[in-house]
Amino acid sequence: MKRLKITIISMTLATTAIAQGVIDVHSHLITPEFVSSLEKEGRLMDEGFPLPKYDVYNHLKWMDEAGVETSVLTLAAPQPSSAEVVRQTNEAAARIKKEHPGRFLFCAALPLPDVSKAIEEVKYALDVLKADGIKLATNVGGLYLGAPELDTLFSVLNERKAVVILHPHRPEPVNRQVMQQTPLAMQEYLSETTRAVSNMISRNVLARYNNIKVVVPHCGAYLPLAIPRMKSLTPVMQANKMVGEIDYEANLRTLYYDLAGAHSPEVIRMLLTFTTPDHLLYGSDYPYVAPQVLTQSLARMKDYLSKESDLAPFKEMILWKNAKRLFDQTGAKPRP
């Protein structure tokens, strides 16, 4: 009888947690095929640290405990060398989404730097697998987002009105000594994200393909500092014929920002100096951070979003409403 009572209480707590409706736009899928391919190529430590283990049921357990209704899955770094492994990962994500209705969405990986194969995968992922968006690495083998070679891909994504989730990868080229002294996740990932987004803005990629909605990870990286600097230096760069006209407002309108990492009221206020509250999203970075740490972090966010008078009106927007609107999740329901 006592065990039954505990079970009922646990189920009630889980149901209450799910009913809160938090949507996590930043979580990673790490499949056995992906790990095996990296191991064969000697690339397990490409990003400077080991890949965490992933299990969908452990993920669901954390989601229930933390009060996360839906998580958006993307492939972790590094980029697979094989288009076959990319396809296998996308199909695995589609199965997880199908087997757990309402609990998972996914953004499909692409086999870049091969643009033609990447376009094929976009069509397969969106049309056949019913992916909810596309994941793009900041660079693949030194081919950075914003490069002219990727315009054809962005044109296809624009036609599909795709949601694109960005994630930093190891920069190319890389200084290995610096990478060892200051691991990528501590600093360079922020630089890498800023580099890729700035590169797209400088060529008006986001303004030209403005049907695409792009989610920038890790609290916008260094963009709160980089955007004002870019704006101030644009006239000088234009006078020296180094850049053309840049439509900052049109570019910035396409950008959303997840709050994975070192979020705080101060960080959110800084983001609001150049974006609007409807472009801020909750992100966890599961499974790269210990579940108990993520649970505490989400509780802390809920607390300050309730107590800070200037941020309180945006609490539900940040925790789930903005993501629901972005992914058009009107029909998503939590599991019974």
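pLDDT is the predictor's confidence in each residue, from 0 to 100. In this predicted model, pLDDT stays under 50 over residues 330-336. The protein as a whole averages a pLDDT of 92. An open sheet of eight strands, two pockets and a handful of unusual backbone sites are the topics below.

**Confidence**

- Of the residues, 92% reach a pLDDT of at least 70.
- Residues 1-19 keep a pLDDT under 50. For this stretch the model has eight contacts beyond four places in sequence.
- Residues 330-336 also stay under 50. Here the model has 13 contacts beyond four places in sequence.
- Where pLDDT is low, predicted coordinates should not be read in detail.

**The sheet**

- Eight strands make up an open sheet, and their pairing is parallel.
- The strand order is β1-β2-β3-β4-β7-β8-β9-β10.
- β1 and β10 are the edge strands, each pairing on one side only.
- Strands of a sheet pair through backbone hydrogen bonds, either parallel or antiparallel.
- β1 (residues 22-29) runs parallel to β2, and six bridges join the two.
- Two residue pairs mark this β1-β2 register. Ile-23 has Thr-70 of β2 as its bridge partner. His-28 stands opposite Thr-74 in β2.
- β2 is also joined to β3 (residues 104-108), by three bridges, again in parallel. Ser-71 stands opposite Phe-104 of β3.
- β2 spans residues 68-75 and is mostly covered. Eight of its eight residues are buried.

**The largest pocket**

- The largest pocket holds about 620 Å³ of space.
- Its lining takes in 32 residues. His-218, Ala-260, Gly-261, Ala-262 and Asp-285 lie nearest the centre.
- α8 (188-202), α12 (265-271) and α13 (291-307) are the elements that give two or more residues to this lining.
- α13 supplies the largest share, four residues.
- By class, the lining of the largest pocket has 22 nonpolar residues, eight polar and two charged.

**The second largest pocket**

- The second largest pocket has a volume of about 280 Å³.
- It is lined by 20 residues. Nearest its centre lie Arg-43, Gln-79, Pro-80, Val-140 and Gly-141.
- The lining of the second largest pocket divides into seven nonpolar, six polar and seven charged residues.

**The loop between β10 and α13**

- Asp-285 lies in the loop between β10 (280-281) and α13.
- Phi of Asp-285 is near 75°, a positive value in a residue other than glycine.
- Asp-285 has 12% relative accessibility, so it counts as buried. The cut-off for buried is under 20% relative accessible area.
- Asp-285 is also one of the residues nearest the centre of the largest pocket.
- The peptide bond from Tyr-286 to Pro-287 is cis, with omega near 5°.
- Pro-287 is found in this loop between β10 and α13 too.

**Other backbone sites**

- Ala-77 and Pro-78 are joined by a cis peptide bond, with omega of about 5°.
- Pro-78 sits in the loop between β2 and α4 (83-99).
- Lys-130 has a positive phi, near 60°, and is a residue other than glycine.
- The place of Lys-130 is the loop between α5 (115-127) and β4 (133-137).

**Met-301 in α13**

- Met-301 lies in helix α13. This helix also gives four residues to the lining of the largest pocket.
- Met-301 counts as buried because its relative accessibility is 0%, below the 20% limit.
- Beyond its neighbours within four places in sequence, Met-301 is in contact with Leu-259, His-263, Tyr-282, Ile-318 and Leu-319.
- One of these partners, Leu-319, is 18 residues from Met-301 along the chain. The C-alpha atoms of Met-301 and Leu-319 are separated by 9.1 Å.

Methods:
Residues are numbered from 1 along each chain as its sequence is written. This is a predicted model: local features need pLDDT of at least 70, side-chain atom pairs count only at pLDDT 80 or more; totals for chains, interfaces and linings use all residues. Side-chain values use heavy atoms; hydrogens and water are left out. On a 1 Å grid over the protein atoms alone, a cavity is a set of points where a 1.4 Å probe fits but cannot get out, and a pocket is an open set with protein on both sides within 12 Å along at least five of seven lines; lining residues have an atom within 4 Å of a point. Grid points are joined across faces, edges and corners, and a volume is the space filled by probe spheres set on the points. Ala, Val, Leu, Ile, Met, Phe, Trp, Tyr, Cys and Pro count as nonpolar, Asp, Glu, Lys and Arg as charged, and the others, Gly among them, as polar. Contact means heavy atoms within 4.5 Å. Buried means under 20% relative accessible area, exposed over 50%, partly exposed in between (1.4 Å probe, protein chains only). Two strands pair if DSSP finds at least two bridges between them.
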